[in-house]
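Here is a briefing on one structure. Please look over the sequence and the coordinates before reading on.

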Amino acid sequence: MSFYFISDNSYFIEGLKLSLTGNDFDKNSIYVNINEDDFYFHPGKDDIVVLAVANINVRRKILKTPEIALCKLAIMGRAKTLGMLKGVFLPWFFSREMTSRELANALIHIKNHKFTLHQFSDREAEVFFYLGAGFSHEEVAGMMGFS
């Protein structure tokens, strides 16, 4: 199992390399800065992908790659909520405000558990898109007409 950390922020990538040193992630981690590296994305089944890309169009393009369906996916966004959505479904959302310890614990949890891949309706996909773009729960509810 490999861990892919994909971002368009070189400081984020370097910070991850430093903060995750000494964990299970050292040997099996692939760090990709999509602004600097040639981007070849070939994860295997059950690989863990952490996507922290601010550019919505680039993030959407990556999420549409066929290989992404095989992965355990976590999307980092500007949501103020620390932690992740609880449950057995993927993808999970992480806050960019998470500490390195919280991120490491979340990744260990994802690694050690089986998850059910969930086929999202168009409406559900739209909610995830807005949350990933950094809108708050209240803003998404207002835009989509939810209470």
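Helix α4 (residues 100–112) has 13 residues, and at 1.5 Å a residue it should span 18 Å (1.5 Å times one less than the number of residues). Its end C-alpha atoms lie 18 Å apart, which agrees. The model is predicted: local features need pLDDT of at least 70, side-chain atom pairs count only at pLDDT 80 or more, and totals for chains, interfaces and linings use all residues. Residues are numbered from 1 along each chain as its sequence is written, and side-chain values use heavy atoms, leaving out hydrogens and water.

**Helix α4**
- Leu-103, Ala-104, Ala-106, Leu-107 and Ile-110 of α4 are buried (under 20% relative accessible area, 1.4 Å probe, protein chains only).
- Seen down the axis of α4, its buried residues fall within an arc of 165° (directions from the axis to the C-beta atoms), so they line one face.
- Arg-101 and Asn-112 are exposed (over 50%) and sit on the face of α4 turned away from its buried side.

**Asp-46**
- Asp-46 is found in the loop between β2 (29–33) and β3 (48–52); strands are DSSP E runs of at least two residues, helices H or I runs of at least four, numbered from the N terminus.
- Its phi is near 70°, a positive value in a residue other than glycine.
- Most residues other than glycine have a negative phi.
- At 27% relative accessibility, Asp-46 counts as partly exposed (between the 20% and 50% limits).

**Confidence**
- Mean pLDDT (the predictor's confidence in each residue, from 0 to 100) is 77 for the chain, and 80% of its residues reach 70 or more.
- Confidence is highest in strand β1 (residues 3–7), at a mean of 91, and lowest in strand β7 (residues 116–117), at 56.
- Over residues 82–88 pLDDT stays under 50; the model has 19 contacts (heavy atoms within 4.5 Å) for them beyond four places in sequence.
- Where pLDDT is low, the predicted coordinates should not be read in detail.
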